[in-house]
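Reader: Please give me a close look at one part of this model, the core, and place it in its surroundings. Keep it brisk, and give me the cut-offs.

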Amino acid sequence: MTETVATHAETIDPVTAEQADNAGTPLRVTATPAALDLIEELKADYGPVMFHQSGGCCDGSSPMCYPVGDFITSDGDVHLGQVGGADFFISRSQFGVWQHTHIILDVVPGRGGMFSLENGREKRFHIRSRLFSQAENDALAGTCRI
């Protein structure tokens with residue numbers, strides 16, 4: 001009987017593991033395969049889309065997906081990065097609280113936010129997260145477009 005030993009790469013969870021861009025800077029926002037699939041579905045229906053992490057008003061604290069141009073960002077928003085080719089923003093005040101957090105965009109069953117494009121599809125975007133390591137926080141110091 002042959003025993004198979006998992007390599008280091010096979011034991012890393014691709015969703016929650018530390019991830020970096022080509023320059024080695026840790027990514028502030030990533031997406032699960034399910035989220036990437038839903039983004040593609042929405043882009044096929046609506047064209048380019050973008051995200052804004054809601055601050056907790058009408059739709060709680062859900063990530064909201066909009067057609068590009070339908071939600072206007074300002075100096076009060078921070079660009080965290082891109083997921084599936086879609087820009088992802090968060091309000092500056094919320095960024096102050098979440099700046100040490102890796103945001104993972106996922107999809108769960110249920111109704112989307114009433115203003116978010118996935119509403120009515122019986123699945124919605126959901127945020128998972130983990131705290132950055134000290135090394136990641138050090139590498140991220142001063143890197144966000146604020």
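Author: The mean pLDDT of the chain is 84, where pLDDT is the predictor's confidence in each residue, from 0 to 100. A pLDDT of 70 or more is reached by 81% of the residues. This is a predicted model, so local features need pLDDT of at least 70 and side-chain atom pairs count only at pLDDT 80 or more, while totals for chains, interfaces and linings use all residues. Residues are numbered from 1 along each chain as its sequence is written, and side-chain values use heavy atoms, with hydrogens and water left out.

Confidence varies by element. Helix 2 (residues 33-46) has the highest mean pLDDT of the elements, 97. Helix 1 (residues 8-11) has the lowest, 40. The pLDDT is below 50 over residues 1-12, and this stretch has three contacts in the model beyond near neighbours in sequence. Contact here means heavy atoms within 4.5 Å.

Next, the layout. The chain has four helices and seven strands. These are DSSP runs numbered from the N terminus: helices are H or I with at least four residues, strands are E with at least two. Along the sequence the order is α-β-α-β-β-β-β-α-β-β-α. Many contacts span long stretches of sequence: of those with a separation of 6 or more, 59% join residues 24 or more positions apart.

Of the 146 residues, 40% count as buried. Buried means under 20% relative accessible area, exposed means over 50%, and partly exposed lies in between (1.4 Å probe, protein chains only). The chain exposes about 8300 Å², with 53% supplied by carbon and sulfur atoms. Those areas come from the Shrake-Rupley method with a 1.4 Å probe, and for residues only the protein chains shown count as cover.

Now the core itself. In soluble globular proteins, nonpolar side chains tend to be buried together. The largest nonpolar core here has 22 residues. By definition, such a core is a set of buried Ala, Val, Leu, Ile, Met, Phe, Trp, Tyr and Cys residues joined through side-chain atoms within 4.5 Å. F51, L80, V83, F88, L105 and F125 touch the most other members. Two or more residues each come from strand 1 (29-31), helix 2, strand 2, strand 4, strand 5, strand 6 and strand 7. Helix 2 gives the most, with four residues.

V83 shows how these pieces meet. Beyond its neighbours within four places in sequence, V83 contacts V29, T30, A31, L36, I39, F51, F88 and L105.

Helix 2 lies across strand 2 (49-53), strand 3 and strand 4. The helix runs at about 125° to strand 2. Axes are lines fitted to C-alpha atoms, for helices over the stretch in contact, and angles run from 0 to 180 degrees between N-to-C directions.

Those strands belong to an open sheet of four, ordered 3-2-5-4, with mixed pairing. Strand 3 (63-67) and strand 4 (77-83) are the edges, each paired on one side only. Two strands pair if DSSP finds at least two bridges between them. The twist averages 25° from one strand to the next. Strand 4 and strand 5 (residues 86-91) pair antiparallel over six bridges. D77 stands opposite S91 in strand 5.

Strand 6 (101-109) also feeds the core. Eight of its nine residues are buried, so strand 6 is largely enclosed by the rest of the structure. I104 lies in strand 6 and has 2% relative accessibility, which counts as buried. T30 stands opposite I104. Their C-alpha atoms are 5.0 Å apart, although 74 residues separate them in sequence. Strand 1 and strand 6 pair parallel over three bridges. Strand 6 and strand 7 run antiparallel, joined by nine bridges. D106 has H126 of strand 7 as its bridge partner.

The loop between strand 6 and strand 7 (123-131) holds E122. Most residues other than glycine have a negative phi. E122 is not a glycine, yet its phi is positive, about 60°. E122 is partly exposed, at 45% relative accessible area.

One more buried residue: F95, in helix 3 (residues 92-98). Its relative accessibility is 8%, so F95 counts as buried. F95 and Q53 are 42 residues apart in sequence and 9.7 Å apart from C-alpha to C-alpha.
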